[in-house]
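Dear colleague,

Please find below the structure that I am handing over to you, together with its sequence. My findings follow directly after it.

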Amino acid sequence: MTHINAENMHFSALTQMVKSADSEVTIDNVLGQRYIAAGVRGKHVVINGIPGNALGAYMDGCAIEVHGNAQDAVGDTMNTGTLVIYGNCGDTAGYGMRGGKIFVKGYAGWRVGIHMKEYGDYIPEIVVGGSAGAYLGEYQAGGRIVILGIGCEDRQCVGDFTATGMHGGKIYLRSRFVPDDLPPQVEVSRVTDKSELAPLVREFCSYFGYDADELLADDYIVLTPAAACIYKRMYTNRPM
Amino acid sequence: MEDYEQFRQVAEKNREGNVRIPSGCAICGYFSRKGNALPASDAVNAMSYMHDRSNGLGGGFAGYGIYPDFPDHYAFHVFYDNDRAREETETFLKARFDISNMERIPTRKVYGIKGAPLIWRYFGTLLPEVKAHTELDEEEYVCRSVIHINTGIKGAYVFSSGKNMGVFKGVGYPEDVGEYYCLDGYKGYCWTAHGRYPTNTPGWWGGAHPFNILGYTVVHNGEISSYDANRRFMEIYGYKCTLLTDTEVITYIIDYLHRKRKLTLSDVAKVIAPPFWSRIEKMEEQEREKLTTLRNMYAPLLITGPFSIILGYPGGMMALNDRLKLRSMVAAEKDDVVYVSSEECAIRSICPDPDRTWSPAGGEPVIVELDKECVK
């Protein structure tokens with residue numbers, strides 16, 4: 001068990017300490033240090049404070065807990081592992097994500113899940129408790145995004161231009177409102193089979209203490225690229 | 001002296017426009033609605049948490065309410081390349097302004113700050129006879145005087161020209177620039193700050209942020225792809241871009257739209273970062289017509305490319321993102337103070353426990369002004 005006090009510490013020193021620490025790391029007084037656990041394998045990292053940009057970028061199998069808000073580019077291109085944020089997160093969470101899971105208790109910024117992709121068994125998943133900003137799932141090529149919209153049941157829980165350029169994966173919204181500016185290649189349907197959704201919502205609730213049955217009882221819509229979307233056939237979901 | 005001459009020559013050679021380096025920035029601001037005097041040192045410290053967003057080629061601060069002893073005087077902060085430029089500028093200023101106080105701006109030696117120009121400040125009011133005989137209103141007269149110095153006197157740059165406010169900027173990391181200008185001694189109801197990471201040009205003292213004209217200051221993170229279209233339009237109205245970097249033109253656009261055309265700041269935001277036409281089509285008729293008119297009238301003032309800016313002006317502060325939100329921006333509030341920053345960590349370094357934090361949408365301005373009863 002390694003305990004690090006990151007007060008006034010530069011990110012390069014902190015990232016080195018995390019890399020050389022044993023498998024259980026707790027970091028206190030984090031304030032803006034970038035690249036925490038970036039590229040790190042198989043550690044459990046507890047962060048108290050506000051981690052800087054690119055938290056857990058390229059990480060491979062870490063479990064990261066953030067007790068605070070996260071900034072931009074959380075889990076950028078991450079491979080596997082789990083990020084749990086007990087607050088909000090900034091823009092471009094899950095940018096180019098290739099696998100693993102991100103859970104955000106509060107709201108998420110713009111461009112969540114931009115360019116996320118999947119291949120074979122690697123299916124990245126993002127669950128946001130609150131709302132998400134514009135360009136959710138921009139160019140999404142795979143994976144699952146769930147926006148639970150807790151606290152914004154009476155309005156859209158996503159911003160403008162959702163699913164722009166989406167050609168793979170799924171976006172689930174716990175909402176009665178269908179975004180009115182979806183691109184033509186994206187189809188909307190009501191969720192009747194919640195078997196894929198349920199484990200994600202249950203895991204979300206296990207961290208943040210919401211009632212999973214209650215959340216799952218609500219109506220969900222799902223956005224998927226239409227079968228006619230040519231890019232879907234060309235570039236995604238084709239394990240060799 | 002020889003050292004200075006050497007630095008000057010290097011600075012001259014590396015001046016923006018002469019060199020192009022193909023290659024982010026940090027901004028932060030806070031504002032007390034009650035007009036309380038907030039220390040500049042908070043801004044200096046906050047910028048240190050975003051150190052790696054800058055590369056040491058520019059840092060700067062703007063403070064409002066910082067000169068309570070001269071509240072009604074124009075405070076001119078000027079960079080000079082040499083004493084000849086200073087003498088020429090002083091002759092120009094003294095012919096038009098009653099200068100109550102002139103001095104070198106106090107600085108201290110700081111490791112990491114070098115190649116500084118001569119830095120002076122003047123507190124002055126427009127001479128009554130000049131005021132009586134000019135056909136211009138006072139602010140316009142001052143604005144044109146500043147443009148005259150910046151374009152007509154070689155080696156002189158007025159980088160701050162408002163009342164009861166001031167810009168402090170230079171080449172270096174923002175923390176060092178703050179230390180250099182002894183900002184620990186200044187207090188104001190509003191501070192904005194910038195750390196520069198020039199992407200196309202080498203960085204020089206005049207090119208550091210904030211950019212200023214009269215009471216307006218702008219700090220900017222991003223790159224304006226519409227710069228030339230904006231600059232050409234502004235030149236029609238007598239604004240000359242002399243500082244060779246894109247942010248300058250934003251300052252003039254805001255001066256033109258807000259001071260001269262009397263647009264409200266929320267309308268200014270609608271001109272420079274308007275909603276897309278596809279959004280406008282869906283709006284109620286009145287709003288649709290208004291936005292259509294604004295976009296058509298001021299089409300050349302649309303700013304494209306990624307940006308987040310903080311505008312300071314007498315009695316207020318506005319933060320704005322480009323409509324695609326291609327740069328980050330976080331806002332927070334605690335009691336009467338509103339904070340905005342590129343990164344939340346900078347805000348939390350000043351205010352560990354804000355009442356609320358939020359992330360403003362692209363094109364959605366955050367505007368804070370002094371409470372009416374707090375305007376002095």
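In chain B, B:Tyr80 stands opposite B:Ala156, a residue of strand β7(B). Please note that the model is a predicted one. The pair just named belongs to the contact between strand β4 (residues 74-80) of chain B and β7(B), which are joined by four bridges and run antiparallel.

These strands are part of an open sheet of four strands in chain B, ordered β5-β6-β4-β7, in which the pairing is antiparallel. Its edges are taken by β5 (97-104) and β7 (156-160) of chain B; each has a single partner strand, so one side of each is left without a neighbour in the sheet. From one strand to the next, the twist averages 30°. Helix α5 (residues 138-152) of chain B lies across β4, β6 (118-126) and β7 of chain B, and runs at about 140° to β7(B).

Chain B also holds an open sheet of five strands, in the order β11-β12-β13-β14-β18, again described by antiparallel pairing. Here the edge strands are β11 (211-213) and β18 (366-369) of chain B, each of which pairs on one side only. Neighbouring strands of this sheet are turned against each other by 15° on average, with direction ignored. Between β11(B) and strand β12 (residues 216-222) of chain B there are three bridges, in the antiparallel sense. Within that pairing, B:Phe211 stands opposite B:Val218 in β12(B). Helix α8 (residues 247-260) of chain B packs on the sheet, where it touches β11, β12 and β13 (307-313) of chain B; the direction of the helix makes about 135° with that of β12(B).

A further helix of chain B may be of use as a check on geometry. Helix α11 (residues 285-297) of chain B has 13 residues, which at 1.5 Å a residue should span 18 Å; the end C-alpha atoms are 18 Å apart, which agrees. Is α11(B) well covered or hardly covered? It is hardly covered, since the count of buried residues among the 13 residues of α11(B) is one.

Finally, I turn to the contact between the chains. It takes 15 residues from chain B and 17 residues from chain A. On the side of chain B that touches chain A, the largest share, four residues, comes from helix α12 (residues 344-350) of chain B. The residues on this side of chain B divide into four nonpolar, six polar and five charged.

With kind regards

Technical notes: Residues are numbered from 1 along each chain as its sequence is written. Chains are lettered from A and ligands numbered from 1 in the order in which they are written. This is a predicted model: local features need pLDDT of at least 70, side-chain atom pairs count only at pLDDT 80 or more; totals for chains, interfaces and linings use all residues. Two residues are in contact if their C-beta atoms, placed from the backbone, lie within 7 Å. Helices (H or I, at least four residues) and strands (E, at least two) are DSSP runs, numbered from the N terminus. Ala, Val, Leu, Ile, Met, Phe, Trp, Tyr, Cys and Pro count as nonpolar, Asp, Glu, Lys and Arg as charged, and the others, Gly among them, as polar. Two strands pair if DSSP finds at least two bridges between them. Axes are lines fitted to C-alpha atoms, for helices over the stretch in contact, and angles run from 0 to 180 degrees between N-to-C directions. The expected span of a helix is 1.5 Å times one less than its number of residues. A residue is buried if 20 or more other C-beta atoms lie within 10 Å of its own, exposed if 12 or fewer, and partly exposed in between; C-beta atoms are placed from the backbone.
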